[in-house]
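Work through the exercises below with the sequence and the structure at hand, and try each task before you read its solution.

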Amino acid sequence: MSGTELGLAVSVFLACSVEAVEALTIVLAVGVTRSWSSALYGVGAGVAVLAVIVAALGPALTSLPINTLRVAIGGLLLVFGLQWLRKAVLRAAGLKALHDEQATFAAEREAAQAAGGRAGTGFDGYSFVISFKGVLLEGLEVAFIVLTFGANQHKVGLAAAAAGVAITLVVLGGVAAKAPLARVPENAMKFAVGVMLTSFGTFWGTEGAGASWPGGDAALLVIIPSLLVCSLAMARWLGRNGGARPQAGVVVGDST
Amino acid sequence: MTAAVRKAVLSVWEFVVGDDWVIAAGVVLALAATALIAGAHAAAWWVMPVAVVGLLALSLARARAR
């Protein structure tokens, strides 16, 4: 496995793990409170829609000319990566609330109890819809990352496999814990994903725009640690100059 | 119908552009600058790293000021 393939696999794995933890919290809340079967149908439907998106767009993307693909994908990865990184830096500096899975679980559970409309043991529309939306919304960004990383290196299969491993591990962790995975270091993982997406976006965007990197692929070995150091320095500076330490809380729908 | 289209456009905007439109606009401008400089047969690899660090700092400063 080459360095860029390893970077692809690690980035997709981390991004997918974070999103899977957040989706798991939502599914657990409606499953425990209302209906496991309906919640799992919702999960299945969400995963199916995501699979269709990847299967439909993957081949279309890989058929584009390489420079067009790289500048488009590099630009999109940069926009996504910088958003992830910006929020991770703000959280690390105490200027944005950390994502609290226990609080999200409690809020989702309360909403599920208050929703009403549950009759008998049949199909529960609320559980289905909430699980479906949770999986789809949390998964869309991961599907996008799988597609962009995978298509650019013609390794959609590797990216999908990394995503599959991440989802499996999170689900197994959730089943073992029978609770939200509140101890997963989400912000550190988001920080890492932001650095990786932004670094690869910088690399591919530059190549797609017609420029060449000194050292070729080895330039990534400079870009990634440099961006990490800059981001950590910004978080440290912000923490010392205006960090307010907001309480951790519910950040529903804020996947990054 | 119009409301549905509006909602869809807003969702796509939110998904792609996110919280700070300056990042998306800056990325487009930096890629264009890279293409222009590379097209003039000058070294252009440095543009994106400088732009990325600058955009991140700018966006963080905007968030801090809110």
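**Exercise 1: a pair of helices**

In this predicted model, helix α2 (residues 36-62) of chain A and helix α5 (residues 125-152) of chain A have axes that come within 8 Å and cross at roughly 25°. Describe how α2(A) and α5(A) lie relative to each other, give the hand of their crossing, and state which kinds of residue make up their contact.

Solution. Begin with the angle: the crossing is at roughly 25°, and angles under 35 degrees count as roughly parallel, so α2(A) and α5(A) are roughly parallel to each other. Next, take the hand, which for the crossing of α2(A) and α5(A) is right-handed. Finally, sort the residues of the contact of α2(A) with α5(A), which comprise 21 nonpolar and nine polar residues, with no charged ones.

**Exercise 2: the fold of chain A**

Determine which secondary structure elements chain A contains, and decide how its radius of gyration stands against the globule rule.

Solution. Counting the elements first, one finds eight helices and zero strands in chain A, which run from the N terminus as α-α-α-α-α-α-α-α. The radius of gyration of chain A is 19 Å, close to the 18 Å that the globule rule gives for 256 residues, and chain A is therefore as compact as a globular protein of that length. As a further step, consider the extent of the C-alpha trace of chain A, which spans about 65 × 50 × 25 Å along its principal axes, and the burial, since 50% of the 256 residues of chain A count as buried. Among the contacts in chain A between residues at least 6 apart in sequence, 88% join residues at least 24 apart.

**Exercise 3: the shape of chain B**

Set the radius of gyration of chain B beside that of a compact globule of 66 residues.

Solution. Chain B has three helices and zero strands, in the order α-α-α along the sequence. A compact globule of 66 residues would have a radius of gyration near 11 Å, whereas chain B has 16 Å. The C-alpha atoms of chain B fill a box of roughly 50 × 30 × 10 Å along the principal axes, and 29% of its 66 residues count as buried.

**Exercise 4: where the chains meet**

Which element gives the most to the side of chain A that touches chain B?

Solution. Start with the whole interface, in which 27 residues of chain A are in contact with 26 residues of chain B. On the side of chain A, the elements giving two or more residues are α3 (66-92), α7 (186-208) and α8 (220-240). Of these, α3(A) gives the most, with ten residues. By kind, the residues on this side of chain A divide into 16 nonpolar, ten polar and one charged.

Methods:
Residues are numbered from 1 along each chain as its sequence is written. Chains are lettered from A and ligands numbered from 1 in the order in which they are written. This is a predicted model: local features need pLDDT of at least 70, side-chain atom pairs count only at pLDDT 80 or more; totals for chains, interfaces and linings use all residues. Two residues are in contact if their C-beta atoms, placed from the backbone, lie within 7 Å. Helices (H or I, at least four residues) and strands (E, at least two) are DSSP runs, numbered from the N terminus. Ala, Val, Leu, Ile, Met, Phe, Trp, Tyr, Cys and Pro count as nonpolar, Asp, Glu, Lys and Arg as charged, and the others, Gly among them, as polar. The radius of gyration is taken over C-alpha atoms; the globule rule is 2.2 Å times the number of residues to the power 0.38. A residue is buried if 20 or more other C-beta atoms lie within 10 Å of its own, exposed if 12 or fewer, and partly exposed in between; C-beta atoms are placed from the backbone. Axes are lines fitted to C-alpha atoms, for helices over the stretch in contact, and angles run from 0 to 180 degrees between N-to-C directions. Angles under 35 degrees count as roughly parallel, over 145 as roughly antiparallel, 65 to 115 as roughly perpendicular and the rest as oblique. A crossing is left-handed if the near helix is turned anticlockwise from the far one by less than a right angle, and right-handed if clockwise.
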